[in-house]
Amino acid sequence: MHENEQADECKPVECGDADGSSEFKYCRKCTKRIALADEDCWRCVFCTQRFHERCKYMICDACSIEIAIRRQMMWCAPPLIQQDDSPKISIEDFEIIRVLGRGSFGKVVLAKHSDYEEPLAIKILRKEKFVNTKDLMFLEVERNVLRKVSLSSNPFLISMKFWFQDAENVFLVMEYLSGGDLLHHVMNNSFCKEQIKQYASEVLLAIEFLHKEGIIFRDLKLENIMLSGDGHIKLVDFGLCKENIGPFGTTFTYCGTLDTLAPEVIAGEGYTKDSDWWSYGVVLYELYEKDPPFHGSTNGEICSSIMNASHCYDRIDDGMVRALIDRLLEKNPAKRIGHGEADANDIKAHEYFHGVDWESVVNKRAKPLFIPGDLESNFDTELSKESTILRGSTAGKKNR
């Protein structure tokens with residue numbers, strides 16, 4: 001689309017002001033945060049998705065392009081995904097209720113099926129988005145990790161019921177986490193120190209499990225930490241995981257979310273599972289400060305800040321909290337807490353977690369202070385207004 005045509009398709013809104021939304025929003029073109037309250041962003045009048053002003057001229061108005069035309073634009077047909085012994089089922093067997101989330105490869109919807117008493121979450125991945133081998137690799141990794149964690153006894157990782165596909169989509173059917181993600185709640189609630197420590201403890205055990213299984217998470221952030229209706233957390237979205245890697249195993253793929261990337265990932269010289277502990281430090285910082293530890297008006301400035309700047313504190317006055325975050329946000333991974341074979345045990349021994357009964361944590365004996373329940377307001381209200389009708393499907397006709 002030409003520049004002048006695209007400008008007509010989008011209109012500017014003030015992030016965090018004009019539409020009453022929270023400060024944390026993401027550009028649907030570059031996927032980077034739109035985090036500053038005084039920064040203009042653009043919102044599509046068709047799909048209401050937001051974009052940086054600097055990205056608006058790169059936007060193709062996919063909302064009005066038919067799927068067949070998009071395939072021709074790609075010069076390829078959607079790739080075939082190897083089917084396993086999942087039940088013979090189709091999306092028409094579900095009653096799709098509303099949209100819960102959206103990502104670069106598709107969206108997540110809330111649905112019901114007559115064979116299941118509880119509602120389900122379906123991650124719908126559009127095959128037309130998987131245009132190369134690397135994309136398919138991420139899909140395979142996500143399914144592999146989902147299978148593994150679903151068979152585990154770890155209570156802090158989302159479980160997959162089964163998966164299926166049709167000509168246009170791959171469907172991952174998972175448990176429904178009715179509490180929404182932590183980013184949403186951090187922007188709308190103030191958590192006490194005890195509640196944040198519960199989240200910190202549960203996330204720590206989830207990452208510890210993945211590392212013991214030889215898996216680096218690589219995309220730990222508030223959006224990928226969701227709450228069950230009872231207030232306990234579960235990690236979601238395993239598409240960027242790296243499998244079969246030990247305590248000192250090195251990988252080089254540049255992936256993740258910029259605000260939470262470790263310096264060694266940005267440097268491009270190889271990184272280990274220690275990068276997850278840096279991201280864990282960013283998550284802890286944001287839980288307390290409600291703001292990322294490193295800032296910049298461009299991607300380059302954010303990278304420079306992560307590599308060279310020191311983080312500071314505005315809200316945190318607890319010395320033990322600061323001490324742990326400081327050791328997690330150590331730019332040298334060899335000096336970072338959790339480095340090497342010690343891994344999570346090193347972090348558990350920190351004074352911040354003094355007195356935590358880890359057996360009680362894993363068995364969820366302590367009742368959380370915040371119970372989100374099952375409310376539509378636990379999710380982005382803009383997403384809930386999106387159409388649930390899928391191309392080539394009658395499932396949306398069952399919509400409430």
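Guide: Ala, Val, Leu, Ile, Met, Phe, Trp, Tyr, Cys and Pro count as nonpolar, Asp, Glu, Lys and Arg as charged, and the others, Gly among them, as polar. This is a predicted model, where local features need pLDDT of at least 70 and side-chain atom pairs 80 or more, while totals for chains, interfaces and linings use all residues. Residues are numbered from 1 along each chain, and side-chain values use heavy atoms, leaving out hydrogens and water.

Visitor: What classes of residue line the second largest pocket?

Guide: A pocket here is an open set of points on a 1 Å grid that fit a 1.4 Å probe, with protein on both sides within 12 Å along at least five of seven lines; lining residues have an atom within 4 Å of a point. This one has 17 lining residues, with Glu194, Lys197, Gln198, Val361 and Ala366 nearest its centre. By class, the lining splits into five nonpolar, five polar and seven charged residues.

Visitor: Which helix gives the largest share of that lining?

Guide: Two helices (DSSP runs of H or I, at least four residues) each supply at least two lining residues: α11 (358–362) and α5 (193–212). The largest share, six residues, belongs to α5.

Visitor: And which helix gives the most to the largest nonpolar core?

Guide: Such a core joins buried (under 20% relative accessible area, 1.4 Å probe) Ala, Val, Leu, Ile, Met, Phe, Trp, Tyr and Cys through side-chain atoms within 4.5 Å. This core has 87 residues, and Leu210, Phe238, Tyr280 and Phe353 touch the most other members. With ten residues, the top contributor is α5.

Visitor: How many residues are in the second, separate core?

Guide: Among its members are Ile89, Ile96, Val109 and Leu120. The total is 14 residues.

Note on methods: Buried < 20%, exposed > 50% of the residue type's maximum accessible area, 1.4 Å probe, protein only.
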